[in-house]
Amino acid sequence: MQFALLIYESPEAFASRNDEIDAYTGAWRSYYKALVDAGVYVGGDPLQVPETGTTIRIKEGKRRVQDGPYADTKEQLGGFTVLELPSLDAALDWAARCPAASYGAVEVRPLAPDMKRRVEE
Amino acid sequence: MTAADEEDVHRTIERIARESYGRLVAYLSSHTRDLGGAEDALSEALIAALTAWPRDGVPRNPEAWLLTTARHSLIDFIRHQQVVLAGEPTLLLLRENPTEATLETKFPDERLKLLFVCAHPAIDPAMHTPLMLQTVLGLDAARIAGAFLIPPKTMGQRLVRAKTKIRDGGIGFEIPQDHELLQRLDAVLEAIYAAFGIGWDDMAGSDQRGRDLAEEAVWLARVLLQLMSDEAEVRGLLALMLHCEARRSARRGPKGQYVPLSEQNPKQWSLPLIEEAERHLADAAKHGRSGRFQLEAAIQSVHAERASSGLIDWEAIVLFYEGLIRISPTLGTRTGYAAAIAEANGPEAGLAVLDAIELDLVAAYQPYWAVRAHVLRRLGKMREAVDAYDLAIGLAEDPAVREFLLQKRG
């Protein structure tokens, strides 16, 4: 079963990506290595800061463009990781170890392979 | 009644609920085996108390008041359900002993039976601790779910399923007979210790949740000791937990940093708790029956001696670990043994013990990698040490532990 860990981070966390001291990146580097070593890592990526996002809607045939991310919340999507795991329990264990769990939030969501198959038909 | 008085009454209700919850649920369900029903009836009684007590004053025997009220709603419920076949004998049982209506009688403490029911072999071992936390201490499913890292809805469903099995599966409300007792007691002790372990691991400086759970576990062990004062392992478990509790404030630095046991300042340890632990351990030894929890407590006792001697007798710790490995060679025990060997006989010997543990067992076991990193560093094998540190950091949940290891890793 595949699960996505959706990483939500505060503006402070986004800012600490550029810190000289390695606490933020170091924690992520070790976490990534543990995921790969355990053979559960499928893929994923960090995202640029939310201010770089642009949101598009078509309303009544007109394009609406909004600066910034879709949702106006304090904590924003900062990246995602896809893991191959036997159960939700295992996914929650890995989410708890994620550095963002202690300074932001990590949402665990199962992927929807059935939907994907229907789309790909 | 003033707002302050009302708050007083609320606090009284809260305190009585906490102290009497398990006794009342145990007594109410010992007749019906219906834990869910007993809990519902008790919550209704507590809600009734919130209206009646501020108005009429707190009754002289609040526990008996709650029992009577809960029993009425239980009888109403059974009537309502019209479960005639199952219900009639139950109603008779619930009505037995009419003097209880006078609110004066003491009722028997059935919590020990309840503890054995919660840790019954027919119940999924993963549910032993959650069941105890809910039925004996009255913790709600959402809080238990948080401690066990399980979605609250799932935890709620699993608790209901376990209670249904207790009600319908013929699990007896009884204290097991001699030949069975020790084995069944082990399950009870394990479940209590699991609650403590979760509380302990989660206790990042400010995390009230973990702290509470460790306290609840100590409370459970005290209840158990009250009911089974002759069992050496019950004292062993309590001694073990008290030794750990004694170090609570020493485990974190002023800024919340993680401080490993060997670097803690013994002046910050609680002497009264250590002394209490030592008394229980000495009492346990009088029974001449060693066991897992006494050995684990003995290891903590050796660490506690550093407060007076300034030294750690690692040879003694190695011996206790050898005893533990003979009883239950868990991953935690084997990792702790390796760490003790590394201190007593040198890092080379410690590494050999670590190497003997099958790799697939430890892939996601954080303490193994932390000990391995430490031992490799002492051997000057820096490249391998960094790899082990990476895994120990990546598998850590506690940000303070992560930070500590990141600094060691360099």
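**Figure 1. The loop between α7 (141-148) and α8 (152-168) of chain B, with B:L149 at its centre of interest.** In this predicted model, B:L149 lies in the loop that links these two helices. The residue is not a glycine, yet its phi is positive, at about 55°. Most residues other than glycine have a negative phi. B:L149 is partly exposed, because 15 other C-beta atoms lie within 10 Å.

**Figure 2. The loop between β3 (54-59) and β4 (62-67) of chain A, which holds A:E60.** A:E60 also has a positive phi, of about 50°, without being a glycine. With 5 other C-beta atoms within 10 Å, A:E60 is exposed.

**Figure 3. The fold of chain B, built from 20 helices and 0 strands.** The C-alpha trace spans about 75 × 55 × 40 Å along its principal axes. Chain B has a radius of gyration of 24 Å, which agrees with the value near 22 Å of a compact globule, because that is what 410 residues would give. Of the 410 residues, 40% are buried. Among contacts between residues at least 6 apart in sequence, 61% join residues at least 24 apart.

**Figure 4. The contact between domain 1 (3-108) and domain 2 (110-168 + 180-227) of chain B.** Here 15 residues of domain 1 are in contact with 12 residues of domain 2. On the domain 1 side, α1 (3-32) and α2 (35-56) each supply at least two residues. The largest share of that side, 9 residues, comes from α1(B). By type, the residues of the domain 1 side divide into 7 nonpolar, 3 polar and 5 charged.

**Figure 5. The largest nonpolar core, with 130 residues.** The residues with the most contacts inside this core are B:I192 and B:A392. Domain 1 (3-108) and domain 2 (110-168 + 180-227) of chain B both give residues to the core, so it lies between them. In soluble globular proteins, nonpolar side chains tend to be buried together. Apart from neighbours within four places in sequence, B:A392 is in contact with B:Q366, B:W369, B:A370, B:A373 and B:L405.

**Figure 6. Helix α5 (residues 111-118) of chain B, a mostly covered helix.** Of the 8 residues in this helix, 7 are buried. Among them are the charged residues B:R111 and B:K113. The other buried residues of α5(B) are B:L114, B:L115, B:F116, B:V117 and B:C118.

**Figure 7. The contact between chain B and chain A, with 14 residues from each chain.** On the chain B side, α19 (382-394) and α20 (399-409) each supply at least two residues. The residues of this side divide into 9 nonpolar, 1 polar and 4 charged. The predictor gives the complex an ipTM of 0.84 and a pTM of 0.84.

**Figure 8. Confidence along chain B, which averages a pLDDT of 87.** A score of at least 70 is reached by 90% of the residues. Among the elements of chain B, confidence is highest in helix α16 (residues 347-355), at 98, and lowest in helix α4 (residues 84-95), at a mean of 54. Over residues 98-104 the pLDDT stays under 50, and the model has 12 contacts beyond four places in sequence for this stretch. Residues 202-209 also have a pLDDT below 50, with 15 contacts in the model beyond near neighbours in sequence. Where pLDDT is low, the predicted coordinates should not be read in detail.

Methods: Residues numbered from 1 in each chain as written. Chains lettered and ligands numbered in written order. Predicted model: local features only at pLDDT ≥ 70, side-chain atom pairs only at ≥ 80, totals over all residues. Helix = DSSP H or I, 4+ residues; strand = E, 2+ residues; numbered from the N terminus. Rg over C-alpha atoms; globule rule 2.2 N^0.38 Å. Buried ≥ 20, exposed ≤ 12 C-beta atoms within 10 Å, placed from the backbone. Contact = placed C-beta atoms within 7 Å. Domains from an automatic or database assignment. Core = buried A, V, L, I, M, F, W, Y, C linked by C-beta atoms within 7 Å. pLDDT = per-residue confidence, 0-100.
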